[in-house]
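Dear colleague,

I am handing over the structure below, and after it I set out what was found when it was examined. Please read the notes with the coordinates open beside them.

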Amino acid sequence: MRVNVPTSASATQLLRTRIGKICVAIIGTTAAEMIEKATAVVKETPFLEFRLDYLEKPLAALPKFKQFFADNTAAAGIATCRREANGGKFAGSLAAEMEILSKAAAAGFVLADLELESAEALKKGEFEKLRETGIALIISHHDFTATKDLDKIYERIAPFQPDFVKIVPTAKTLTDNVTLMRFLERMNENSNIIGICMGDAGIISRVLGLRAGSAFTFAAATPGEETGPGQIAARTLLETYRVDQVDAATKVYGVAGNPIKSSLSPVMMNTAFRRETVNAVYLALQAAKVADLLKLVQEIPIQGLSVTMPHKQEIMAHLEHTDPLSAKIGACNTVLRAQDGKLYGFNTDVAGIVGPLEKRLSSLKGVKALVLGAGGAARAAVFGLRDKGADVFILNRTLETAQKLAKQSGSKTMKKEALAKTPFDVIINATPIGMAGQKAAPLLESKDLNTKLVFDLVYNPIETPLIRLARQQNIPIITGVEMFVQQGARQFEIWTGKPAPEEEMLRVVIHSLRQQAEAAAASHAEENGASSKPVKRPKAS
Ligand code: NAP
């Protein structure tokens, strides 16, 4: 069944010329707060959804919105007053919701969002009365548990003949995004459908949904003001993901891991693509299972992957071919999908460690290196260094793991007590110690830093306790940010065949880390009683 656009198809088309591809959801506890936020974004993104359900008295606030629309004639607003039962915050009755939406047109709103459940509960004629107010209508359905029954939901909405059909399921897997996007593609002849998957795994639909046929998508005004799980801030959608430029030819890449939400790879790689004018987009892929990820790679299709914990080892079994170092290390962090769909694996973590070292030490042959840790990153360091002829020592919390790696790689193990008396050319930290949020005690004291160079693979924070200690002793350092950028730069080159814009990548990573540190400090201050009020967390959209 298709929606036959009700009152006038041309009216809806006219409306579509007024609204953009990105609708910014505005929340706040007072109308004044919402209007202040709307005023801050309206020039960049004039299409706004006002979540009236966040207000204590939405009806009384309508005159204020009327003034906003009078002052901002280019703005196009959706009035949403979603009831609690349907995932919103409005505690009033259905009749009260209808009264608010019915008066929204007179207040300058061009669209009203009515949940399917509310629409179905209306008495005969009430829906038509809302339509008669002249406001265009969205009928929306949110599923907070799964992505299922999309066609059935559509068939429930269709008889209402709204101007827009909004279907918002939750992605529990990556391939749930494929289910939604195939649905959007099938419905393509009806261009008035909005489809988005909620959840951390749903970001694919938020970026690629427009290309699949979604009439528009929703974004948060700023990070922290999301009105639905997984929602992205408008500026991030536009500047990082360039959603307005994603077209049929845009190649899709991504970083797969679990968890992946706070990865800096998307901002770094999308910046590189933009800088080098590569028509590509890079997404954070919340992958609980490798099988789900592989299905997504073939279905979208995805042209290349950065693979991170916990999938670096497991992915190996699914690759057509891996480079010799990846095979030795037993881990792969880079996948390239060839024209024929076959997957090729590489390990650029090695280059991310060896490259910065060669820059400082020219040749690694005969260099005496101490590696702290014996996990994935340590394996890349140990095999990379051994491959270049370095003399490698391993110190790890669990001695057996160190012994095993030493045996595999032709290295030696080292005891902590011997450090003060043993000089090294470089000490490399490949443990998580020093990472933001890590509470473990430092591994080394100043007397242990008997070395010409310290390389901390940890990149968040930029200045780790180990880096600080080395600086205090005037020992040259390499930060984990350099490794992060170098491994990403090599991935960019493998995928595109172009030299990576390393400086730009470094700049954006440092900027993002500083922003994260500032946000963490602000939230810490707030927890300790500073005054700024937390925004109430919403439930849906
Ligand atoms: P992993 O496979 O889990 O290995 C962690 C290693 O650290 C293990 O050897 C573990 O020892 C040791 N370890 C963990 N907690 C410890 C503690 N409290 N005290 C002493 N040793 C401890 O992790 P990974 O993938 O190798 O990553 C390690 C770190 O490298 C990450 O935290 C990340 O910060 C950094 N890294 C950076 C980049 C980059 O691009 N800059 C890339 C990858 C990784 P046991 O064997 O005893 O468990």
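**Notes on the model**

His 318 sits in the loop that runs between β11 (304–307) and β12 (321–322). Please bear in mind throughout that this is a predicted model. With a relative accessible area of 39%, His 318 is partly exposed, and once its neighbours within four places in sequence are left aside, the residues in contact with His 318 are Val 290, Leu 294 and Leu 343. Between the C-alpha atoms of His 318 and Val 307, which are 11 residues apart along the chain, the separation is 13 Å.

**The chain as a whole**

The protein chain contains 19 helices and 20 strands. Its radius of gyration is 27 Å, close to the 24 Å that the globule rule gives for 541 residues, so the chain is as compact as a globular protein of that length. Taken along the principal axes, the box filled by the C-alpha atoms is roughly 85 × 55 × 40 Å.

Of the 541 residues, 55% are buried, and the area that the protein chain exposes comes to about 23400 Å², with 53% of it supplied by carbon and sulfur atoms. If one takes the contacts between residues at least 6 apart in sequence, 69% of them join residues at least 24 apart. As to charge, there are 66 positive and 57 negative side chains, and the centres of these two sets lie 3 Å apart.

**Two helices and one buried valine**

Helix α9 (residues 203–212) has nine of its 10 residues buried, so this helix is largely enclosed by the rest of the structure. The buried residues are Ile 203, Ile 204, Ser 205, Arg 206, Val 207, Leu 208, Gly 209, Leu 210 and Ala 212, a set that includes the charged residue type arginine at position 206. They pack against helices α8 (175–186), α10 (234–240) and α12 (290–299), and also against strands β8 (217–220), β9 (251–257) and β10 (280–286). Just after α9 comes Gly 213, which takes a positive phi of about 125°.

Helix α19 (residues 502–527) has 26 residues, and the distance from its first C-alpha to its last is 37 Å, close to the 38 Å expected at 1.5 Å a residue. Buried in α19 are Glu 504, Met 505, Val 508, Val 509, Ser 512 and Leu 513. When reading that list, it may help to recall that an α-helix has 3.6 residues a turn, so residues three or four places apart point the same way. The partners against which the buried residues of α19 pack are α11 (265–275) and α18 (480–496). Just after α19, Gly 529 has a positive phi of about 100°.

Val 354 belongs to helix α14 (residues 348–361). Is Val 354 buried or exposed? Its relative accessible area is 5%, and because anything under 20% counts as buried, Val 354 is buried. Apart from its neighbours within four places in sequence, Val 354 is in contact with Leu 364, Gly 384, Leu 385 and Lys 388. The C-alpha atom of Val 354 is separated by 50 Å from that of Gly 28, these two residues being 326 apart along the chain.

**Backbone points to check**

Most residues other than glycine have a negative phi, and most peptide bonds are trans. Against that background, four places deserve a look.

- The peptide bond joining Ile 300 and Pro 301 is cis, with omega about -15°, and Pro 301 lies in the loop between α12 and β11.
- A cis peptide bond also leads from Asn 460 to Pro 461, where omega is near 10°; Pro 461 is placed in the loop between β19 (454–456) and α17 (465–472).
- Gln 161, although not a glycine, has a positive phi of about 50°. This residue is in the loop between α7 (150–157) and β6 (164–168), and at 31% relative accessibility Gln 161 counts as partly exposed.
- Asn 474, again not a glycine, has a positive phi of about 60°. It lies in the loop between α17 and β20 (477–478), and Asn 474 counts as exposed, at 69% relative accessibility.

With best regards

Note on methods
Residues are numbered from 1 along each chain as its sequence is written. This is a predicted model: local features need pLDDT of at least 70, side-chain atom pairs count only at pLDDT 80 or more; totals for chains, interfaces and linings use all residues. Side-chain values use heavy atoms; hydrogens and water are left out. Helices (H or I, at least four residues) and strands (E, at least two) are DSSP runs, numbered from the N terminus. The radius of gyration is taken over C-alpha atoms; the globule rule is 2.2 Å times the number of residues to the power 0.38. Buried means under 20% relative accessible area, exposed over 50%, partly exposed in between (1.4 Å probe, protein chains only). Contact means heavy atoms within 4.5 Å. Accessible areas come from the Shrake-Rupley method with a 1.4 Å probe; for residues, only the protein chains shown count as cover. Lys and Arg count as positive and Asp and Glu as negative; His and the chain ends are not counted. The place of a charge is taken as NZ of Lys, CZ of Arg, CG of Asp or CD of Glu. The expected span of a helix is 1.5 Å times one less than its number of residues.
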